[in-house]
Structure formats: C-alpha cells, structure tokens
Amino acid sequence: MTVKIGIPRGLWFYDYYPLWKTFYEELGAEVILSNPTNKKTLDVGVRNTVDEACLPVKIFHGHVLDLRDKVDYIFLPKIMSVYEKEYICPKFCGLPEMVSHSIKGLPPIIDREINFNKSRSSLMKTVYDFGSYVTKNPVKIKRAYNCGLEVYKKYKVRIQEGFLPINGDFSNKTNGKSSITIAVMGHSYNIYDQYGSMNLITKLQQQGINIITPEMMNYRTINDYAETLEKKMFWSYGRKLLGTAMYLADVKNIDGIVYLSSFGCGIDSIIEDLVERKTRKEGKIPFLLITVDEHTGEAGVNTRLEAFIDMIEWRQRNEGNFSTHG
Ligand code: SF4
C-alpha cells in the first residue's frame with residue numbers, strides 16, 4: 001500500500017517543499033499537501049495554538065489539522081539551522097513539540113532534526129531517517145535526495161527569474177506594466193501565503209506594479225552586503241532580509257518597500273527596524289510597514305497600501321523622488 005506523507009503548506013514550505021516533495025515521490029510515497037490557507041485554516045489554527053504564537057505558526061497548526069485525517073505521516077522536521085554558523089527562529093526548532101502538544105490525534109510525525117551546524121554525516125543520517133518511513137533501502141534514499149536537490153535548485157532559479165511562488169504555485173510572473181517597482185519584504189511564508197498576507201502581492205500586481213522579493217536576489221550578492229555589518233547576522237532569515245535591504249538601498253532600483261511582518265515576531269522586532277534604517281533613513285526609499293495578526297482588518301491594509309502607492313506616484317510626478325525622511 002502506498003504510504004501517504006502530509007506536508008503542511010506553511011513556514012518552511014515556501015523555501016523547501018520542492019526538495020521534500022520530490023524526495024518522497026521518488027521513494028514511491030504519495031505526497032499530500034494541505035490546502036492553501038483559507039479562513040478555516042486560520043480559525044482552527046488560532047484555536048489550537050498557544051496565544052503567544054505568531055500568525056504564521058498559528059496558520060501552520062491549521063495546515064497540520066487539515067492533514068490530520070488524510071495521511072499516514074506528517075513531515076514536520078525540527079529545523080535548527082539551514083546554514084553553517086547560523087540559526088533559524090526558535091519557533092521552527094520547537095515546532096514538532098508545539099504541534100504535538102497542541103493537537104491531539106495526529107498520525108506519527110517525521111520530526112528528526114535538520115542542523116547544518118552538525119557534520120555532513122549527521123545531515124545524511126537525518127535524510128536516511130526521513131526516507132526510512134517509506135523504504136529501508138539507503139541507495140534509493142540517497143538517489144531520491146539527490147533528485148530532490150536538483151528540483152530544489154531549479155525552484156530557486158525560477159524564483160530568481162521572477163516567478164512568484166504564491167501559495168507554493170508558480171502561477172504568475174512579476175511583469176507589471178507600471179513604472180513603479182516595489183520590494184515586498186518579509187519572511188517567505190508571510191509574503192507568499194495569499195490569505196495570510198491579505199493578497200498583498202496580488203493587490204500590487206493588479207495595479208501593474210513590478211515586484212521584487214528577497215528570494216529573487218542573488219544569494220552571493222546579498223551575502224556580501226550582509227557581511228559588511230559590524231556583527232554577523234546569525235539568523236538566516238534576518239541575513240537574507242538585511243542583505244537585500246542593503247543592496248536595494250545601494251542600487252536604488254526600486255520606488256518603495258512594503259515590509260510585511262507578524263505581530264509578536266521576535267526576529268522582526270530587530271530586523272524590520274534595521275531594514276527600515278538601511279532603506280528609508282539611509283537609502284531615502286519610501287517604506288511601509290504592515291504588521292498583521294489574526295485580528296487585522298483587510299480594509300485598513302488596503303487603505304494604507306493605496307496611500308503608499310499614491311505617494312510614490314505623486315513623488316514620480318512632482319518631486320523628482322526627493323527624500324521622504326527628515
Ligand atoms: S521568525 Fe517571527 S514570524 Fe517567523 S516563526 Fe519566528 S516568530 Fe514567527
């Protein structure tokens with residue numbers, strides 16, 4: 001009988017799902033993704049998560065609930081680190097424990113640790129453990145992992161070509177007809193989740209606006225910028241966002257930045273402020289911060305977005321893009 005592996009459509013999904021989906025499919029498993037986020041995902045997620053959790057963690061719980069009765073296993077690795085000498089948000093590290101304590105009646109969770117601060121052989125042990133739920137053949141597992149890596153590399157190239165993985169699906173390319181280009185900044189699971197982001201990217205695209213996201217940046221370039229910081233940014237998502245902000249402030253090829261943050265995000269409380277300093281204050285680039293939680297009303301977000309775009313258009317017409325700061 002075919003093993004069914006469930007992959008929740010949240011958090012690390014937007015960065016890594018092509019790798020693990022391919023991995024399990026190559027091993028002969030059936031991969032079932034949870035449905036794109038909707039009102040029900042959010043509502044059940046909120047009811048089944050601790051109050052202190054940020055919005056994407058609550059949404060993630062909703063995705064796990066969506067899969068609960070449909071699969072044999074839920075793929076929910078304990079992600080500690082995805083780059084050497086760096087860390088990821090502590091909520092990723094404790095996610096398997098949070099989920100299994102908050103949601104009852106779950107199928108077994110595949111929760112082995114991914115930690116790039118450990119040796120390569122430790123990483124491969126993790127991969128073999130992931131595969132062992134489908135087959136005990138290490139050769140097959142290694143081959144499936146290599147296939148997954150190939151697909152993952154292509155996924156990253158497509159994003160750099162301008163395709164936006166909205167809800168994890170490359171349905172649209174950023175090719176707006178307007179003269180405005182906006183960088184949409186934030187964690188991938190915030191900006192590409194259509195419901196969770198209140199259709200932020202789609203709303204901008206409907207006005208013909210060109211979009212840039214951190215995932216479209218050249219990895220080496222943003223690393224070079226991030227390395228000029230006085231202290232190493234040891235959070236991986238933070239380094240990506242900050243390196244992108246520094247690059248954009250330098251080349252000035254955008255008209256504004258919209259930063260989407262989750263209320264209660266410890267990492268964003270520092271990163272967002274640093275991004276704003278680098279871009280708005282030092283780079284003189286218009287900056288809009290949108291902070292969302294489960295109570296945020298879409299109408300308020302729309303009003304702020306419209307006012308922001310009006311201001312950019314006005315600047316282009318009348319101001320010659322003088323600084324908005326100071
Ligand atoms: S980085 Fe922020 S938004 Fe992301 S999981 Fe951690 S606390 Fe939540």
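With 326 residues, a compact globule would be expected to show a radius of gyration near 20 Å, and the chain comes in at 20 Å, so the two agree. The model is a predicted one. Laid along its principal axes, the C-alpha trace spans about 65 × 40 × 35 Å. As for secondary structure, the chain holds 13 helices and 12 strands.

A few whole-chain numbers help set the scene. Of the 326 residues, 53% are buried. Among contacts with a separation of 6 or more, 73% link residues 24 or more positions apart. The exposed surface comes to about 15,000 Å², with carbon and sulfur atoms supplying 51% of it. On the charge side, there are 42 positive and 38 negative charges, and their mean positions lie 4 Å apart.

Now to the sheets. One open sheet is built from four strands in the order β2-β1-β3-β5, with parallel pairing. Its edges are taken by β2 (30-33) and β5 (109-110); each has a single partner strand, so one side of each has no neighbour in the sheet. Further in, β1 (residues 4-7) and β3 (residues 73-75) run parallel and are joined by two bridges. Gly-6 has Ile-74 of β3 as its bridge partner. In general, strands of a sheet pair through backbone hydrogen bonds, be it in parallel or antiparallel fashion.

Strand β9 (residues 181-185) is a rather different story to tell: five of its five residues are buried, so the strand is largely enclosed by the rest of the structure. In a regular strand, side chains alternate between the two faces of the sheet. In β9, Thr-181, Ala-183 and Met-185 point one way, while Ile-182 and Val-184 point the other way, and all are buried. Two parallel partners can be picked out for β9. Three bridges tie β9 to β10 (residues 210-212), where Ile-212 stands opposite Ala-183. Four bridges tie β9 to β11 (residues 256-262), and there Val-258 stands opposite Val-184.

Finally, a charged side chain worth a look is that of Lys-240, which sits in helix α11 (residues 236-251). Its relative accessibility is 17%, and since the cut-off for buried is under 20%, Lys-240 counts as buried. Leaving aside residues up to four places away in sequence, Lys-240 touches Asp-15, Pro-214, Glu-215 and Ile-222.

Note on methods: Residues numbered from 1 in each chain as written. Predicted model: local features only at pLDDT ≥ 70, side-chain atom pairs only at ≥ 80, totals over all residues. Heavy atoms only, no water. Rg over C-alpha atoms; globule rule 2.2 N^0.38 Å. Buried < 20%, exposed > 50% of the residue type's maximum accessible area, 1.4 Å probe, protein only. Contact = heavy atoms within 4.5 Å. Areas by Shrake-Rupley, 256 points an atom, 1.4 Å probe, with all protein chains shown as cover. Lys, Arg positive; Asp, Glu negative; His and termini not counted. Charge placed at Lys NZ, Arg CZ, Asp CG, Glu CD. Pairing = 2+ DSSP bridges.
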